[in-house]
Amino acid sequence: MTYRRLAVLLAASLTPLALTAPAAQAATPAKPYDFNGDGRADLAIGAPAATVGGKARAGAVSVVYGGASGLKPSSYKLITQNSAAIPDTAETDDAFGSSLASADLNRDGYADLVVGAPGEDVDGDTNDGTIVIVWGSKSGLSGGRTLVNHNQRENDRYGKAVAAGDFTGDGMPEIATGSTGLFGLNFVSGPFTKTGAFGGGNGGSFSSITRPYSESYGIEYLSAGDVTGRGFAGLIVHGRQEGTDDAVTTLVDGRIGNFVDWLLYMPSGYVSAVGDIDGDGYADIAVGNHRETSTDPAGAKGGKVTIRYGGPDGVDTRRAPLAVTQDTPGVPGTAETGDAFGSAVSLGDINGDGYADLAIGASGESTGAAATTGSVTVLYGSAAGLTTKAATTYTQNTAGIPDTEEKSDRFGGRTSLLDHSGDRRAELSVSAPGENSGDGAVWSLRVTPTGPATTGAVSFGPSSTGITTSGTPGYGSALGG
């Protein structure tokens, strides 16, 4: 393992660790979120404010397994820090399930789950944070281990954000982590094994960059995908500008040792998704900024989503960024203050035509007499890029969708597009973390060649998957995928 040291690292802040022999590797690593290797993606649902063992806001994750008919809420796995073979113990304010990621980390043919618990107290350090790897297997998720924190003394709230993928182009996975403090972005290198030493790692301090990330806010969100078409993942990093709470978003190339000296600035936003919208072999980036211009100059009335098309150098410089709001011709609805359009984004091929489609959450959308009920809009990919043709918006009042919208539901707080049925079309899953006064809930819509169908849509809340509704669990505050 080659250890890559950043020029901006403090002396001795990291040391390379010895590697154990890698486990036997499957010929083809599993796709993310396929935890039981059946060819169908499963859905991980974070409830970071869930009460566990009487401990408020300890946090929990429910995993609902996919099946021939899509998600099966009756087939689930509940994971907490009190679960058998999961490290540590559930404690007040751990916030386990605040962030989620997945990859086949040990290359055994089963995807593994990465869970952030940024409120974990470690060795007497309040809110030091921790990350847990939960291993996939033929029978699903079971057992886990804590991910090493190479920079424990220099960061807090480790696990505030997580992503997994081959960021260095060496054919092995890495885990990228976001935290607060001096070293806000860290990498832990694979191969990953169930026991033994972890690989090397590095971390970056942005204190010398012209437009740095705020150490107090830290790195808040991560997404990843092959934007250069070279077989490795670029990392999209979200935080806040030093001195303000305005969004800062960059593309990071993990192959570059001193990656903070090579940052490609992206449209500023708070969440992102990566997928090939135009089918050209380069993954594209959708960045959501739900804020008004009065609170973030990069926002828009009602919020917006900006597309940067991928290319050999990270983005296709021949194509201008494409900004989408609810006032964009062909997009349903009207941009209104507080809609929070862009509060969630996800990319996946809904109709099976080979182009990634985009689901956009607007968790502040108000419909009828109720405020912040929320909505989700679906736009489709094509050879020419994102199109508004056949664009559709869904709310809890849409015919066929279970339940009825209520004030502060925040439907569209998070979205996911994953193939849960194995038919090579991505189902649309939507969370409403404010449902039932903060209990939260998730909806999943099956798809057809023409898009998501409300017929047969399913909805379930925390109690359906083993999580108590004591307090306000915020079920669906994070969605895997």
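Where does T325 lie? T325 lies in the loop between β19, residues 322-324, and β20, residues 341-348. Before I go on: this is a predicted model.

Let me stay with T325. Is T325 buried or exposed? T325 is buried, because its relative accessible area is 16% and the cut-off for buried is under 20%. Look at its side chain. A polar atom there lies 3.0 Å from the backbone nitrogen of D327. Now its contacts, leaving out residues up to four places away in sequence. T325 touches A300, G303, K304, V331 and F341.

Next, the open sheet. Four strands form this sheet, in the order β3-β2-β1-β30. The pairing is antiparallel. Which are the edge strands? They are β3, residues 70-79, and β30, residues 478-479. Each of these pairs on one side only.

Take β1, residues 43-47. How many bridges join β1 to β2? Five bridges do, and the two strands run antiparallel. To place yourselves on the structure, find I45, which stands opposite S62 in β2. L43, also in β1, stands opposite V64 in β2. Now turn to β30. Two bridges join β1 to β30, again antiparallel. Here I45 stands opposite L479. So I45 is a useful residue to click on: it faces S62 in β2 and L479 in β30.

What about the side chains of β1? In a regular strand, side chains alternate between the two faces of the sheet. In β1, L43, I45 and A47 point one way. A44 and G46 point the other way. All of them are buried. Five of the five residues of β1 are buried, so the strand is largely enclosed by the rest of the structure.

On to β2. Eight of the eight residues of β2 are buried, so β2 is also largely enclosed by the rest of the structure. Six bridges join β2 to β3, and these strands run antiparallel. G66 stands opposite L71 in β3. How many residues does the hairpin from β2 to β3 pass through? The hairpin joins the strands through two residues.

That brings me to the cores. The largest nonpolar core has 21 residues. Which of them touch the most other members? V63 and L113 do. The elements giving two or more residues to this core are β2, residues 60-67, together with β5 and β6. V63 has a long contact list, again without residues up to four places away in sequence. V63 touches F35, D42, L43, A44, S75, Y76, K77, I79, L113 and L141. Apart from this core lies another, of 19 residues. Among its members are I277, I307, V324 and I360.

Now the aromatic rings. A pair of rings is described by the distance of the centres and the angle of the planes. How many aromatic pairs are there? The count comes to five. One is Y33 with F35, an edge-to-face pair. The centres are 5.9 Å apart, with 75° between the planes. Both Y33 and F35 are buried. Another is F411 with W443, also edge-to-face, at 5.2 Å centre to centre and 80° between the planes. This pair links distant parts of the chain, 32 residues apart. F411 lies in the loop between β23, residues 387-394, and β24, residues 414-418. W443 is in strand β26, residues 441-445. F411 is buried, with a relative accessible area of 1%. W443 is buried as well, at 0%.

One more ring. The charged end of R319 sits over the ring of Y309, 3.6 Å from its centre.

Last stop: E120. E120 lies in the loop between β5, residues 112-117, and β6, residues 130-134. Is E120 buried or exposed? E120 is buried, with a relative accessible area of 0%. What does E120 touch, not counting residues up to four places away in sequence? The list is Q81, D88, E91, D94, D125, N127, D128, G129 and T130. Finally, a long-range relation to check on screen. E120 and P473 are 353 residues apart in sequence. In space they are 17 Å apart, C-alpha to C-alpha.

Methods: Residues numbered from 1 in each chain as written. Predicted model: local features only at pLDDT ≥ 70, side-chain atom pairs only at ≥ 80, totals over all residues. Heavy atoms only, no water. Buried < 20%, exposed > 50% of the residue type's maximum accessible area, 1.4 Å probe, protein only. Contact = heavy atoms within 4.5 Å. Phe/Tyr/Trp six-rings, centres within 6.5 Å; stacked < 30°, edge-to-face > 60°. Lys NZ or Arg CZ within 6 Å of the ring centre and 35° of its normal. Core = buried A, V, L, I, M, F, W, Y, C linked by side-chain atoms within 4.5 Å. Pairing = 2+ DSSP bridges. Polar contact = N/O pair within 3.5 Å; in protein donor to acceptor, adjacent residues only side chain to side chain.
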